[in-house]
Amino acid sequence: MTPVSTGAGELDRPLAVVPPAERGATRIADRVVAKIASQAAREAVGTLPPDADRPSASVTVHHEVAHVRVHIELDYPCDVGARCRTVRHHVVERVSDLVGMQVPEVVVNVERLHLTAAHGAAQGRTR
């Protein structure tokens with residue numbers, strides 16, 4: 001029969017302390033940051049018109065700095081500038097909080113405006 005090691009001798013050795021810079025690096029893929037940005041845009045836009053597409057995003061990351069482009073659709077009439085500002089702010093906040101990247105710019109493209117049914121009916125318009 002062979003003796004079984006209790007491992008007690010292994011615990012007596014001090015653990016080698018490796019500086020953080022030498023331990024490795026975590027790389028977050030651009031598509032992951034894009035998914036976070038599109039979800040943040042979705043949260044900021046709020047309720048979408050029934051036939052609207054979900055917000056999407058494309059991201060370019062370089063040295064922990066993310067440049068984001070978001071595509072959204074909005075209901076109309078609304079304050080388009082204020083809604084874009086809200087989306088921009090929320091995307092910066094969420095990407096910074098969740099992945100720790102700087103976001104110096106968020107370009108918001110409003111792809112389409114959807115006329116709300118109540119406003120269209122009041123104007124005598126139909127689809």
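Guide: Strands here are DSSP runs of E, at least two residues, numbered from the N terminus. L113, for instance, sits in strand β3. Keep in mind that this is a predicted model.

Visitor: Got it. How many helices and strands does the protein have?

Guide: Five helices and three strands. Going along the sequence, they come in the pattern α-α-α-β-β-α-β-α.

Visitor: Back to L113, then. Is it buried or exposed, or somewhere in between?

Guide: Buried means under 20% relative accessible area and exposed means over 50%. L113 has 41%, so it counts as partly exposed. For the protein as a whole, 28% of the 127 residues count as buried.

Visitor: Which residues form the nonpolar patch on the surface?

Guide: L113 is one of them, together with Y76, V110 and L115. Their accessible area adds up to about 310 Å². Strand β3, residues 102-115, gives the most to this patch, with three residues.

Visitor: Now the helices. At what angle do α3 and α4 pack?

Guide: About 140 degrees, with the axes 8 Å apart. Helix α3 covers residues 30-45 and helix α4 covers residues 80-99. That angle makes α3 oblique to α4, since roughly antiparallel needs over 145 degrees.

Visitor: And is the crossing of α3 and α4 left-handed or right-handed?

Guide: Right-handed.

Visitor: Let's turn to the backbone. Where should I look for oddities?

Guide: Start from the usual picture: most peptide bonds are trans, and most residues other than glycine have a negative phi. Here, the peptide bond from Y76 to P77 is cis, with omega near 10 degrees. Y76 also belongs to the nonpolar patch, while P77 lies in the loop between β2 (65-76) and α4.

Visitor: What is the phi of H63?

Guide: Near 55 degrees, which is positive in a residue other than glycine. H63 is in the loop between β1 (56-62) and β2. E64, found in the loop between β1 and β2, isn't a glycine either and has a positive phi of about 65 degrees.

Visitor: So two to check in that loop. Are their side chains buried or exposed?

Guide: Take them one by one. H63 is exposed, because its relative accessible area is 66%. E64 has 44%, so it is partly exposed.

Visitor: Where would you have me start looking in the viewer?

Guide: Try the cis bond from Y76 to P77, then go on to strand β3 and its three residues in the nonpolar patch. After that, have a look at H63 with its positive phi.

Notes
Residues are numbered from 1 along each chain as its sequence is written. This is a predicted model: local features need pLDDT of at least 70, side-chain atom pairs count only at pLDDT 80 or more; totals for chains, interfaces and linings use all residues. Side-chain values use heavy atoms; hydrogens and water are left out. Patches are made of residues with over 30% relative accessible area and no salt bridge: like charges are joined within 9 Å, nonpolar side chains (Val, Leu, Ile, Met, Phe, Trp, Tyr) within 5 Å. Accessible areas come from the Shrake-Rupley method with a 1.4 Å probe; for residues, only the protein chains shown count as cover. A salt bridge is a side-chain nitrogen of Lys or Arg within 4 Å of a carboxyl oxygen of Asp or Glu. Helices (H or I, at least four residues) and strands (E, at least two) are DSSP runs, numbered from the N terminus. Buried means under 20% relative accessible area, exposed over 50%, partly exposed in between (1.4 Å probe, protein chains only). Axes are lines fitted to C-alpha atoms, for helices over the stretch in contact, and angles run from 0 to 180 degrees between N-to-C directions. Angles under 35 degrees count as roughly parallel, over 145 as roughly antiparallel, 65 to 115 as roughly perpendicular and the rest as oblique. A crossing is left-handed if the near helix is turned anticlockwise from the far one by less than a right angle, and right-handed if clockwise.
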